[in-house]
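Trainee: Got a minute to go through this fold with me? I'd like to reason from the coordinates.

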Amino acid sequence: MKELNLKGISPADTYIVVNKSIITAEDRLILTMLYQPIIGPLAVMLYFTLWSDLDKTKLISIEYTHHHLVTNMQISLSEIEKARLKLEAIGLLKTYFKEENTGNYIYQLYSPIKANDFFNHPILNVVLYNNVGKKEYEKILDYFKSPKLSTNNYQDITVSFTEVFSSVPLTSYEVVNNDIQKTNVQKLAINTNFDFDFLTKSLPSGLDENKIFTKDIKELILQLSFLYNLDVVKMQDIIPICITERGTLNKEELRKTCRNYYQFDNHGLLPTIVYNTQPEYLKEPVGDTSKRAKMIYTFETVSPYDLLKSKNNGAEPTSRDLKLAEDLVCVYKLQPGVVNVLIDYILKTNNNKLTRGLAETIAGQWQRQKIETVDEAMRLAEKEHKKYKKGTVPKTKTPKEEKLPEWFNKNIEKKEASIEEQKVMQDLLKEYR
């Protein structure tokens, strides 16, 4: 088990950047077009900032403090740490830590994988598709496709090496090239308790397990089991289907079969991630300090997963609630911040019960009305709720006092928050972190 730095980063903690690869202009394009939709702009900005910290040889930096990162990126230390974890998780960064009087970090930068490898990756490719949608995904894919030029009417006249160069007597010089720079990429680390021993014992007799479960195949099985939530028992059914006549495992068939299993259990959907936050282009401008603006900022900067976890007092959300949140994003195409408003509204007005029928009814309306921003969702929820209450509460009776979301109060929209109120709102924001 790795020893983690549980104290978090402080401004005085130092770091050195080490370049473990050859990072090219093409890598910058891949980072912004392929990685950014998955890890977000702050993580990519942190990568580029660490890259710019390298010296002129692009190999190693001088020692900096994390205050340097804060002032250059204009974001908080907690945001820097979250961005760093995303870079580590996706294989772009490796971090080493030593504690002395202050914390000392070494950040090792790695290259992103090439576009061809990315689009053939069993996890990254699917996550990109789910995050940007079919139309945008196809645009990105078209950008990286190589142009096709027919050579049918041409003759290959390329010469070989031996036709141009002749051999020379060898010298006794021994070439040592272990320290030469080269392109290095890190593979995604999947932590799992997948039982390969159980899987190999379930193989039909007469098959060579070493021929089937090569290192690459094992890695692919781990990635697919994580992506499609397939345990070893389900894999036990899948593997025999994908074995070829030569006694090897067909990778493409394995990926296809795992995907089909998942889609069969999930009404034809592909896996999605409910850890995303509202896209930058749909966020409100920063600067307004009213209570309503603080609530909008909260919904925009936390993921549906974090909001559900907060509502559960820090406990993991139930699989049922997570599945509903996934459906709101994937099926109804609602943005993460809009999903947060919907969840908060239902819990506050429905006695803390997240009812699927009610959620889907509201989601269908918001989808038809093309609600994309948090502010639009809040205004529509407030408007529809007042319309509903007006039509259902008898005029002769005094309506019972009901618990409503704080953002229903329009009077707070332009009212400047007091120092005490601002402290309460900051505590509220921390609740969702």
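Here is a short chat about the sheet and one of the helices in this predicted model.

Trainee: What is the strand order in the open sheet of four strands?

Mentor: Start from strand 1 (residues 14–19). It pairs with strand 2 (residues 64–65) in the antiparallel sense over two bridges, and with strand 4 (residues 103–109) in the parallel sense over six bridges. Strand 2 and strand 3 (93–99) are the edge strands, each pairing on one side only. With mixed pairing, the order reads 2-1-4-3.

Trainee: Which residue in strand 4 stands opposite Val17?

Mentor: Strand 1 has partners to check on two fronts. Towards strand 2, Tyr15 stands opposite Tyr64. In strand 4, the residue facing Val17 is Tyr107.

Trainee: Is strand 1 largely enclosed or largely open?

Mentor: Count its buried residues, meaning those under 20% relative accessible area. Five of the six qualify, so strand 1 is largely enclosed by the rest of the structure.

Trainee: At what angle does helix 2 run to strand 4?

Mentor: Helix 4 (residues 77–89) lies across strand 3 and strand 4, at about 125° to strand 3. Helix 2 (residues 41–52) lies across strand 1, strand 3 and strand 4, and its angle to strand 4 is about 100°.

Trainee: How far apart are the end C-alpha atoms of helix 11?

Mentor: Its buried residues include Ile217, Leu220 and Leu224, and what covers the buried ones includes helix 6 (124–132) and helix 13 (251–265). For length, 13 residues at 1.5 Å a residue should span 18 Å, which agrees with the end-to-end C-alpha distance of 19 Å.

Terms used: Residues numbered from 1 in each chain as written. Predicted model: local features only at pLDDT ≥ 70, side-chain atom pairs only at ≥ 80, totals over all residues. Heavy atoms only, no water. Buried < 20%, exposed > 50% of the residue type's maximum accessible area, 1.4 Å probe, protein only. Pairing = 2+ DSSP bridges. Expected span 1.5 Å × (residues − 1). Contact = heavy atoms within 4.5 Å. Axes fitted to C-alpha atoms, helices over the stretch in contact; angles between N-to-C directions.
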